[in-house]
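Trainee: Please walk me through this model. I want to learn how to read its features.

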Amino acid sequence: MEVSRHWRLKKQRYALQGEVCPHCSVKIFPPRDICPDCGLDARTPFQFSGRGEVYSFTTVRDAPEGHSEQVPYTVALVRLEEGPLVTAQLTDLDQQDVEIGLPVEMVTRKLRSDGERGMLVYGYKFRPLLRPAA
Amino acid sequence: MRPVVVAGAGMIPFERRDEDSLVGMMAVAGLNAMDDAGLGDRAVDAVYVGNMASGLFNHQVSVASALVDRLSLMPAAADRIENGPASGGSAIKNGFLAVASGYADIVLVVGGEKMREVIGPKATDIVAAMTHPSAEYIYGVTLPALAGLFTRLYMEKYGVTREHLTMVAIKNQENGLLNPYAHIRMKITMEGVLTHPQAHINSPIVADPLHLYDCCPVSDGAAAVLLTTEEIAKELNKPIVTIDGVGQATDTHTLQERSDPTDLKAVTVASERAFSMAGLKPKDVDVAELHDAFTILEIAESEHAGFFPKGEGAKALEAGETRIGGKLPINPSGGLKARGHPVGATGVAQAVELVWQLRGEAGDRQVKKATTGFSLNFGGFGNNVLAFVLRRKS
Ligand SMILES: [Zn+2]
């Protein structure tokens, strides 16, 4: 893999970095270098805040290879405060019930482990927003 | 373009088929379609094979060449067409274009998949690999997970209930009992999968709100159709069923990038394109085969294809309009839910069912006076969709 591409994928995965279209200002995630709205070149990096709320969610009980030790895990569509939706696992839920509209924030966690080669892959997940007690 | 006739249709029962190879299954389905057409010693000009992942499931590639050799159809042209779960539909589209354009006079289209050769989590992983690599797949997203996210939104927006989802499963499994080719041949009840104290054991959660009986099984199988010109079809002495409309459309790879994730735009556009080519409207359709990989999809597709307004599909289902004998029977074959879903075979199996229905050869599940059929083959999670309109000529 080309080095710069690899580096950008890492920024996408670790830091939730996308792009903003210089022509129509739409925020883009995942980054794709072409604006899905106006079709023009869009390579300007954009750092999302990592805050948002749950838009939809599901709990996966039939996991693919590499994710079986996490079962069951909750996958959500998160509406970022800057606009785009992102697909990610929810974490640190403890006993908390997930519901549409739940405020969440991004954290970095282990995504999967490749048993035989022992490779661990890290990236973003979202947890319920920690708020000071009222 | 020349009219294209489906002169032959054949398949093998979908199930777990440990004894058969992928190419072996496709060869039998292909022979069944050629026998059905009564092809005699006429030569097949081209073969299109719909298959998603033989390289991953079976460690075999170039399966179109292997199939031509197995059937001794050399020197026919041969291509394998991969388009995820819509591979079968894409193979039919290519066969249609070959005959319509005059490139070929006799075309064999075979769809097949052998999925049970690998263990469950591996199969789940291979299917999940069609999702976006860096925005979905790496986060443990599976096809049932996308369907779960979609289902929750659809239920919220349109008032679809768990009972509605279960009605799809019950109807399609009842239809499947009438189809000797169906993988799952078992009656289920609302009580057994929804309200009984053991319901959570009978139909455990796969990706909530979807339970086991909301999801199609993992199957092995193959299906085939023989396409030709009107001229040759008349010599073959079979009822004439033509492909009058072919539509295809795409949407964003990810669910997250759709401005309204409940809007299946590719289904709407592909269906409109198929109806427009056929010069027909959804109200002209007598029988439909939809891609119910998950129960919600039958409801959502029935609306997006234009049969019911948005939010009305569940009501039509509840009123019995989509049962055999109803106003628009949907999935008389049992659909993916009961017939099974050997991924690359599905789009072709839908066409096989329509041909049998339109010829009046569908046995106990025959839809009365069916002359116009519609099928929808849904690839990815709605990112590549094919729609077909088939008609019986009197
Ligand atoms: Zn733009």
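Trainee: How many residues does each chain bring to the contact between chain B and chain A?

Mentor: Two residues are in contact if their C-beta atoms, placed from the backbone, lie within 7 Å. Here chain B gives 29 residues and chain A gives 31. The model is predicted: local features need pLDDT of at least 70, side-chain atom pairs count only at pLDDT 80 or more, and totals for chains, interfaces and linings use all residues. Residues are numbered from 1 along each chain as its sequence is written, while chains are lettered from A and ligands numbered from 1 in the order in which they are written.

Trainee: Which element of chain B gives the most to the side that touches chain A?

Mentor: Helices (H or I, at least four residues) and strands (E, at least two) are DSSP runs, numbered from the N terminus. Helix 6 of chain B gives the most, with 6 residues. Helix 5 (120-128), helix 6 (143-158) and strand 5 (205-207) of chain B each supply at least two.

Trainee: Which residues of helix 3 of chain B are buried?

Mentor: Buried means that 20 or more other C-beta atoms lie within 10 Å of the residue's own, all placed from the backbone. In helix 3 (residues 63-70), Val63(B), Ala64(B), Ala66(B), Leu67(B) and Val68(B) are buried. Their cover includes helix 1 (22-37), helix 2 (54-57) and strand 4 (106-114) of chain B. Just after helix 3, Ser72(B) takes a positive phi of about 50°.

Trainee: What are the domains of chain A?

Mentor: Bounds come from an automatic or database domain assignment. For chain A it gives domain 1 (1-47) and domain 2 (49-134). In chain A, 5 residues of domain 1 are in contact with 10 residues of domain 2.

Conventions
Buried ≥ 20, exposed ≤ 12 C-beta atoms within 10 Å, placed from the backbone.
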